[in-house]
Amino acid sequence: MTVAALTELFLMHMGYARADAAEPDVVAEYAGTLMRWLNEGYTRAVLRTLGREAVKCLDPLRAEEDEPVKLDASLHPLLADYAAARGQELRGNTSEAGGLYAAFERGLSEAVQDRAFAFRAWRRL
């Protein structure tokens, strides 16, 4: 997913309709912080799934066309969950933020477990 697609998913998690995601004023409302939140989530996800060494050579997301290439494509939506959790927390919607944080952590946990299972399977051969 590109940053543009993650932005649209983020806005939907924030309660906006899909049509609102195309409105420049809606996107501009979060422009200053959204990229920071996406990069925070990206760093946390890479740390949990690939380790510290992978974080050291991580290129941050900067433009609409950028993709979180260090992560498996199935984990990309988790970055929007993390960013929306930060946004909902800022709005004072702690229950919604908690649910989004939980979705982020659960997705990472499942990815790590799947990866560990695959390594154990190879060792058995």
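These legends walk you through three views of a predicted model.

Local features rest on residues with pLDDT of at least 70 and side-chain atom pairs on pLDDT 80 or more, while totals for chains, interfaces and linings use all residues. Residues are numbered from 1 along each chain as its sequence is written, and side-chain values use heavy atoms, with hydrogens and water left out.

**View 1. Meet the whole chain, with five helices and zero strands.**
Helices (H or I, at least four residues) and strands (E, at least two) are DSSP runs, numbered from the N terminus. Following the sequence, you will meet the pattern α-α-α-α-α. Along the principal axes, the C-alpha atoms fill a box of roughly 55 × 30 × 25 Å. A compact globule of 125 residues would have a radius of gyration near 14 Å, and the chain agrees with its 15 Å. This radius is taken over C-alpha atoms, and the globule rule is 2.2 Å times the number of residues to the power 0.38. Of the 125 residues, 33% are buried, meaning under 20% relative accessible area with a 1.4 Å probe, protein chains only. Among contacts (heavy atoms within 4.5 Å) between residues at least 6 apart in sequence, 62% join residues at least 24 apart.

**View 2. Here helix α1 packs against helix α2.**
Look for α1 at residues 3-13 and α2 at residues 24-50; their axes are 11 Å apart and meet at an angle of about 110 degrees. Axes are lines fitted to C-alpha atoms, for helices over the stretch in contact, and angles run from 0 to 180 degrees between N-to-C directions. The pair is therefore roughly perpendicular, a label for angles of 65 to 115 degrees. On the α1 side, the contact is made by V3, L6, T7, F10 and L11, and on the α2 side by V26, V27, Y30, L34, M35, W37 and L38. By class, these are eleven nonpolar, one polar and no charged. Ala, Val, Leu, Ile, Met, Phe, Trp, Tyr, Cys and Pro count as nonpolar, Asp, Glu, Lys and Arg as charged, and the others, Gly among them, as polar.

**View 3. Now α2 packs against helix α4.**
Helix α4 spans residues 76-91, and the two axes lie 8 Å apart at about 130 degrees. These helices are therefore oblique to each other, the label left for angles that are not under 35, over 145 or 65 to 115 degrees. Contact residues of α2 include Y30, L34, W37 and L38, while those of α4 include L79, A80, Y82 and A83. The contact has eleven nonpolar, two polar and four charged residues.

Key: Buried < 20%, exposed > 50% of the residue type's maximum accessible area, 1.4 Å probe, protein only.
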